[in-house]
Amino acid sequence: MAPQQYSLTGWQQFALVVLRFSIGWHLFYQGFGKIVAVDWSSYGYLSASWGPFLWIAESPTLLALSDFVMVWGLIVTGILLMIGLFSRVAAIGGMLLLLLIYIAMPPLDYAGFVISTAEGSELYVNKTL
């Protein structure tokens, strides 16, 4: 059986392009901000996380690799989404980057306590998700 084809109206196409560009801009800007920040490192975030992410924070080589992948992953994914080139691959790459950020420090309910961060209280859903 052939897959069903859907056609979008002009407004739907426009809304998807605006959404794709906005998400791409956000990812690009986050990556670019990390490049121009003086001595940015993911050490603080990773050292407050758990499991394998702690190992990354403790190893200078893995930390440098993690920083490189995060910064350039955000920039390249953002640019690809903004210009609409390899959009599906870029969207999957962006989702994987955000998933890694989320699982490094998930806002879960530990023993009935709401997780408090520098940005406020979160429970299950944070700004990354």
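Which residues line the second largest pocket? I began my notes there, on what is a predicted model.

**Entry: the pocket**

I looked up the volume of the second largest pocket and found about 250 Å³. Its lining is made of Arg20, Ile23, Leu27, Leu81, Ser87, Arg88, Ala90, Ala91, Gly94, Met95 and Leu98. I then asked which elements give two or more residues to that lining. They are helix H1 (10-36) and helix H5 (87-104). H5 provides the largest share, seven residues. I also sorted the lining by class: seven residues are nonpolar, two are polar and two are charged.

**Entry: the chain as a whole**

Next I listed the elements. I count five helices and two strands in the chain. Read from the N terminus, the order is α-α-α-α-α-β-β. The chain has 129 residues, and 26% of them count as buried. I also checked contacts between residues at least 6 apart in sequence. Of these, 56% join residues at least 24 apart.

**Entry: Lys34**

Lys34 sits in helix H1. What is the nearest side chain of opposite charge to Lys34, and how far away is it? It is Asp67, at 9.3 Å. A salt bridge needs the charged atoms within 4 Å, so I record none for Lys34. Lys34 is nevertheless buried. I looked up its contacts too, leaving out residues up to four places away in sequence. Lys34 touches Trp40, Val71 and Leu74.

**Entry: positive phi**

I noted two residues here. Most residues other than glycine have a negative phi. Asp39 has a phi near 55 degrees, a positive value, and is not a glycine. I placed Asp39 in the loop between H1 and helix H2 (43-47). Is Asp39 buried or exposed? Asp39 counts as exposed because its relative accessibility is 74%.

Phe86 is the other entry. Its phi is positive, about 50 degrees, although Phe86 is not a glycine. Phe86 lies in the loop between H4 and H5. With a relative accessible area of 55%, Phe86 is exposed. The cut-off for exposed is over 50%, so Phe86 qualifies.

**Entry: Ser59**

Last, I looked at Ser59. Where is Ser59 placed? I found Ser59 in the loop between helix H3 (52-58) and helix H4 (60-83). Why does Ser59 count as partly exposed? Its relative accessibility is 22%, and buried means under 20%, so Ser59 falls outside that class. I also took one distance. Ser59 and Tyr43 are 16 residues apart in sequence, and their C-alpha atoms are 9.9 Å apart in space.

Conventions. Residues are numbered from 1 along each chain as its sequence is written. This is a predicted model: local features need pLDDT of at least 70, side-chain atom pairs count only at pLDDT 80 or more; totals for chains, interfaces and linings use all residues. Side-chain values use heavy atoms; hydrogens and water are left out. On a 1 Å grid over the protein atoms alone, a cavity is a set of points where a 1.4 Å probe fits but cannot get out, and a pocket is an open set with protein on both sides within 12 Å along at least five of seven lines; lining residues have an atom within 4 Å of a point. Grid points are joined across faces, edges and corners, and a volume is the space filled by probe spheres set on the points. Helices (H or I, at least four residues) and strands (E, at least two) are DSSP runs, numbered from the N terminus. Ala, Val, Leu, Ile, Met, Phe, Trp, Tyr, Cys and Pro count as nonpolar, Asp, Glu, Lys and Arg as charged, and the others, Gly among them, as polar. Buried means under 20% relative accessible area, exposed over 50%, partly exposed in between (1.4 Å probe, protein chains only). Lys and Arg count as positive and Asp and Glu as negative; His and the chain ends are not counted. Contact means heavy atoms within 4.5 Å.
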